[in-house]
Amino acid sequence: MNTLISADNTWVLMSIMVLVVAFSIWMEQTYAWASKISGAIIALICALLLTNLKIIPASAPIFDDVVWGFAVPMAIPLLLLQVNLSKIWKETGRMLGIFLIGALGTVAGAVLGVLILGKFIPNLPYVAAMMTGSYIGGGVNFTALADAFHVDQTLISAATVADNLNMAIYFMILIAFAGNAWLRKHYPHPHIDHVLAHGTDAEEGKTLAAKYWGRKEISLRDIAIDFAFSIIVVTISKAIAGVLSTAIPTGNWFLNMLNTFFGSQYVWITTVAMLFATVLPEKAEAMHGAQELGTYLIYLFFFVIGVPASIPLIIQQAPLLLVFCLLMVIVNMLFCFIGGKLIGGSLEEIILASNANIGGPTTAAGMAIAQGWNKLVGPCMLVGTFGYVVGTYLGIVVGSLMIG
């Protein structure tokens, strides 16, 4: 495809990519509507338009080799520095139990969706793997699983569009549930009662993204340590995965699943980073800026997955993928509300646990802040970051089983 900018014009393509990412982050932290869409999706849409208008190419070394090859794996250890398992077990209480029940619901929804819609949507097991990771953890898991299963990039873009349409519907439903009289009658709701009695102390005039990504202290030493940690974790993980993928034989579905699971660099990146954060929590907490750096690299990924996307193909594929995503969300919510009721969870805990599954820790914390449930901000962030760990594991299992 002839484009205004050629694939080998690396510096111009990189300039466009980082400019779009900067613009997307500025938009989500400036405008409430952009915050709801998210900067990641704004970056994806911009890339999609630039490609379909034939301004930038659908493939280039800066996208395929640098972002997919380096930025994506480097982002994951940086984001997992928050995952201190001992802290999560101690501080999350019932919400962690509801979250884990919801994770089982996500897996059940993915399997059910493939059984019902598999004949209508090509390569749906690959989408099931990505969305299982995303609807237990978040974008970091979606990214890891897309790369682990070498998913076609147009399918990734279509799934992302469907996912975000689904998320808009889902968040409206969750907010409606918080005010639903029938649910309040059948579930305890102490935090809602507290807000009704005392109001909220949320900051006015800021988007949720701006509140979450407030300015933090960071030094040159922090940046050096963060990147050193990330690159070393990826190096170790690639070495372990390479040895195991060669050592574990294939030949039947079970061996194929084991080979895919233990031979994935992302399983070992997750494991090594999580162990570091749990065994050496003081060191992990001292590494300022890791979340910001990791998130920035994930924004580059969202730009890149929009690059090869064909708008006509997305229009064709996204509607059925939206049905698939909705089915996964419905099953997750059924598991959360029924399981949460059985273990005595409050309405607020159930809503935020489901949100931490489907949307991830940042959207769950954003909802808690917006609703004035301030005591639940920390717990929902913790269970959501725990999802970053189990999401990749379960996504690989679901993908291996469904593909097999």
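**Exercise 1. Classify K216 by its accessibility, then describe the salt bridge that K216 forms and where its partner lies.**

Solution. K216 has a relative accessibility of 45% and therefore counts as partly exposed, since this class lies between the cut-offs of 20% and 50%. The model examined here is a predicted one. The next step is to find the partner, which is E292, with the closest N and O atoms of the two residues 3.0 Å apart. This pair links distant parts of the chain, because E292 belongs to helix α17 (residues 290-306) whereas K216 sits in the loop between α12 (208-212) and α13 (220-247), with 76 residues separating them. E292 is likewise assigned to the partly exposed class, its relative accessible area being 27%.

**Exercise 2. Examine the salt bridge between R94 and E349, and decide for each residue whether it is buried or partly exposed.**

Solution. The closest N and O atoms of R94 and E349 are 3.2 Å apart. R94 is in helix α6 (residues 94-117) and E349 is in helix α19 (residues 347-358), so that the pair, 255 residues apart, links distant parts of the chain. At 40% relative accessibility R94 is partly exposed, while E349, with a relative accessible area of 11%, is buried. The count of salt bridges in the model comes to two.

**Exercise 3. Compare N332 and L342 of helix α18 in terms of burial, and describe the surroundings of N332.**

Solution. N332 lies in helix α18, which covers residues 311-342, and L342 is found in helix α18 too. N332 has 0% relative accessibility and is therefore buried, whereas L342, at 71%, counts as exposed. Around N332, once residues up to four places away in sequence are set aside, the contacts are G102, A103, G105, T106, S354, N357 and I358. For G102, the backbone oxygen lies 2.9 Å from a polar atom of the N332 side chain. L342, for its part, joins L104, I330, L334, F335, I338 and I343 in a nonpolar surface patch of about 700 Å², to which α18 gives the most, with five residues.

**Exercise 4. Identify the helix that gives the most to the largest nonpolar core, and then characterise T385 in that helix.**

Solution. The largest nonpolar core has 130 residues, of which I56, F63, V127, M130, F303, L321 and F324 touch the most other members. Helix α21 (residues 377-403) gives the most to this core, with 12 residues. T385 lies in helix α21 and is buried, because its relative accessible area is 2%. Beyond four places in sequence, T385 touches Q82, V83, I88 and P361.

Definitions and conventions: Residues are numbered from 1 along each chain as its sequence is written. This is a predicted model: local features need pLDDT of at least 70, side-chain atom pairs count only at pLDDT 80 or more; totals for chains, interfaces and linings use all residues. Side-chain values use heavy atoms; hydrogens and water are left out. Helices (H or I, at least four residues) and strands (E, at least two) are DSSP runs, numbered from the N terminus. Buried means under 20% relative accessible area, exposed over 50%, partly exposed in between (1.4 Å probe, protein chains only). A polar contact is a pair of N or O atoms within 3.5 Å; within protein, one must be able to donate a hydrogen and the other to accept it, and residues adjacent in sequence count only if both atoms are side-chain atoms. Contact means heavy atoms within 4.5 Å. Patches are made of residues with over 30% relative accessible area and no salt bridge: like charges are joined within 9 Å, nonpolar side chains (Val, Leu, Ile, Met, Phe, Trp, Tyr) within 5 Å. Accessible areas come from the Shrake-Rupley method with a 1.4 Å probe; for residues, only the protein chains shown count as cover. A salt bridge is a side-chain nitrogen of Lys or Arg within 4 Å of a carboxyl oxygen of Asp or Glu. A nonpolar core is a set of buried Ala, Val, Leu, Ile, Met, Phe, Trp, Tyr and Cys residues joined through side-chain atoms within 4.5 Å.
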